[in-house]
Amino acid sequence: SVKRSGRSQVRRYHAQQDSVTERDQVLSRDLGQAIARQELHLVYQPIFVLDTGQVVKAEALLRWTHRELGRISPAEFIPIAERSGLIMDLGRWVLVEACRHAREWPEIKLSVNVSAVQLLRADFVQTLQEILAAGGVSPKQLELELTETALIYDDDCAAQAVLKLRELGVCVTMDDFGSGYSNLMRLQSMQISGLKVDRSITAELVAGPTRQFAEAVTQAAVTICLSLDIELTIEGIETPAHLEAVRSLGCQFGQGYGLAVPLTWDDLLRKYRDTQPAPAQALTP
Ligand code: C2E
Ligand code: MG
Ligand code: MG
Ligand code: MG
């Protein structure tokens, strides 16, 4: 009957909610052990100069392989880590590991995602400086990616931290542009050195009812970056059509599964430092 199926739907709904909560609790608990158990590693997605096909940067992306649950997406565990405060330990581990790698290839710039929670800690810049020094890495080899949410805090704290980072010589990029609320004035007032257009915009560049709008957003990003003399990266280049579209709009840097998927550090070295593929080859999705 309608009544019975209605009730079982309610029960199912509750069961789902419970299991989500349970999973969150399990992940939150086990994330605390993940470093010690060596369940974390970084992968690197190459970032290409779209004109030449050269790889000049790579974005470090955190991976967690849970001993029972397998691979957990950072989209799932980073928010959990931010809520519990564990992001401080994880973020530190990521920076130390990225610096350890950076030393092996001084010509490449490594781009590391940093949470607002980390950035807003009073000692963040000091800690970063110590990690760079201990790793023997130049601040110029590091770029930090901050999400719009970190940068829209109408908070002097974030602005101060970014200014200190820039003084230190670390580049700071606004990530995920176009996916939420952007305070574009912050690009200038905070001396941000780059902008990354979210892949949700790139996806709309070909076909789709909002193609014209996506083109306008991308074109605006190109214009803003040119006029502020900052770097522009387009995420989510998956197909030759995406590549063609972003190239014709004059975008500077690009990354995406169509160009290269995230690789282990050793594979990145082998493929892009040691063998240096011809530009044309590198940019044929
Ligand atoms: P993000 O910083 O915007 O990173 C880009 C995400 O898009 C990555 O997902 C990457 O694997 C994925 N991606 C790259 N190219 C393509 C493409 O062509 N198509 C599609 N569909 N996806 C593509 P991932 O590695 O799952 O990371 C998700 C998010 O988790 C990141 O988004 C970032 O916000 C966060 N994250 C990852 N590692 C860290 C970290 O070490 N610290 C912090 N705080 N956040 C991290
Ligand atoms: Mg990023
Ligand atoms: Mg991004
Ligand atoms: Mg994104």
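Tutor: In this predicted model, a residue is called buried when its relative accessible area is under 20%, exposed when over 50%, and partly exposed in between.

Student: Why is D198 called buried?

Tutor: The relative accessible area of D198 is 12%. The cut-off is under 20%, so D198 counts as buried.

Student: What makes D176 partly exposed?

Tutor: D176 has a relative accessible area of 22%. That value lies between 20% and 50%, so D176 is partly exposed.

Student: How do you know that D176 and D198 are donors of the magnesium ion (ligand 4)?

Tutor: Their OD atoms lie 2.2 to 2.7 Å from the magnesium ion (ligand 4). A donor must be within 2.8 Å of the metal, so both residues qualify. Water is not among the atoms, so the site may look incomplete.

Student: What do D176 and D198 tie together?

Tutor: D176 is in strand β6 (residues 171-177) and D198 in the loop between β7 (194-197) and α9 (199-204), so the pair joins parts that are 22 residues apart in sequence.

Student: What makes E59, N113, E145 and D175 the ligands of the magnesium ion (ligand 2)?

Tutor: The magnesium ion (ligand 2) is coordinated by E59 (OE), N113 (OD1), E145 (OE) and D175 (OD) at 2.0 to 2.3 Å. These distances are within 2.8 Å, so the atoms count as donors. Along the chain the donors have the spacing E-x53-N-x31-E-x29-D. Two of them link distant parts of the chain: E59 belongs to strand β2 (residues 55-66) and N113 to strand β4 (residues 109-114), 54 residues apart.

Student: Are E59 and N113 buried or partly exposed, and what decides that?

Tutor: E59 has 5% relative accessibility, which is under 20%, so E59 is buried. N113 has 30%, between the two cut-offs, so N113 is partly exposed.

Student: Where do the other magnesium ions lie relative to the magnesium ion (ligand 2)?

Tutor: The magnesium ion (ligand 3) lies 3.5 Å from the magnesium ion (ligand 2), and D175 bridges the two. The magnesium ion (ligand 4) and the magnesium ion (ligand 2) are 5.9 Å apart.

Student: Why is β6 described as largely enclosed?

Tutor: Six of the seven residues of β6 are buried, so the rest of the structure largely encloses this strand. T173 lies in β6, and its 4% relative accessibility is under 20%, so T173 is buried. Beyond its neighbours within four places in sequence, T173 is in contact with E143, L144, E145, L146, I192, G194, L195 and K196.

Student: How do you know that β6 pairs with β5 and with β7?

Tutor: Pairing needs at least two bridges between the strands. Strand β5 (residues 142-147) and β6 have five bridges and are parallel, and β6 is joined to β7 by three bridges, also in the parallel sense. Both counts meet the criterion, so both are pairs. Among the bridge partners are E143 with C171 in β6, and T173 with G194 in β7.

Student: What makes a set of residues a nonpolar core here, and how many residues has the largest?

Tutor: The members are buried residues of nonpolar types, such as Val and Leu, joined through side-chain atoms within 4.5 Å. The largest core has 82 residues, and Y44, V112, L144, L165, L232 and L268 have the most contacts inside it. Helix α3 (residues 87-102) contributes the most, with eight residues. L268, leaving aside neighbours within four places in sequence, is in contact with Y44, P46, A58, W105, I108, L263 and R273. In soluble globular proteins, nonpolar side chains tend to be buried together.

Student: Why is C225 not in a disulfide?

Tutor: The closest cysteine sulfur to that of C225 is in C251, 8.9 Å away. A disulfide needs sulfur atoms within 2.5 Å, so this distance is too far for a bond. The whole structure has zero disulfides. C225 itself is buried, at 3% relative accessibility, whereas C157 is partly exposed at 32%.

Student: What makes the phi values of D176 and D229 worth pointing out?

Tutor: Most residues other than glycine have a negative phi. D176 has a positive phi near 60°, and D229 a positive phi near 55°. D176 is in strand β6, while D229 is in the loop between α10 (211-228) and β8 (231-234). The relative accessible area of D229 is 70%, over 50%, so D229 is exposed.

How values were computed
Residues are numbered from 1 along each chain as its sequence is written. Chains are lettered from A and ligands numbered from 1 in the order in which they are written. This is a predicted model: local features need pLDDT of at least 70, side-chain atom pairs count only at pLDDT 80 or more; totals for chains, interfaces and linings use all residues. Side-chain values use heavy atoms; hydrogens and water are left out. Donors are N, O and S atoms within 2.8 Å of the metal (3.2 Å for Na, K and Ca); water is not among the atoms, so sites may look incomplete. Helices (H or I, at least four residues) and strands (E, at least two) are DSSP runs, numbered from the N terminus. Buried means under 20% relative accessible area, exposed over 50%, partly exposed in between (1.4 Å probe, protein chains only). Contact means heavy atoms within 4.5 Å.
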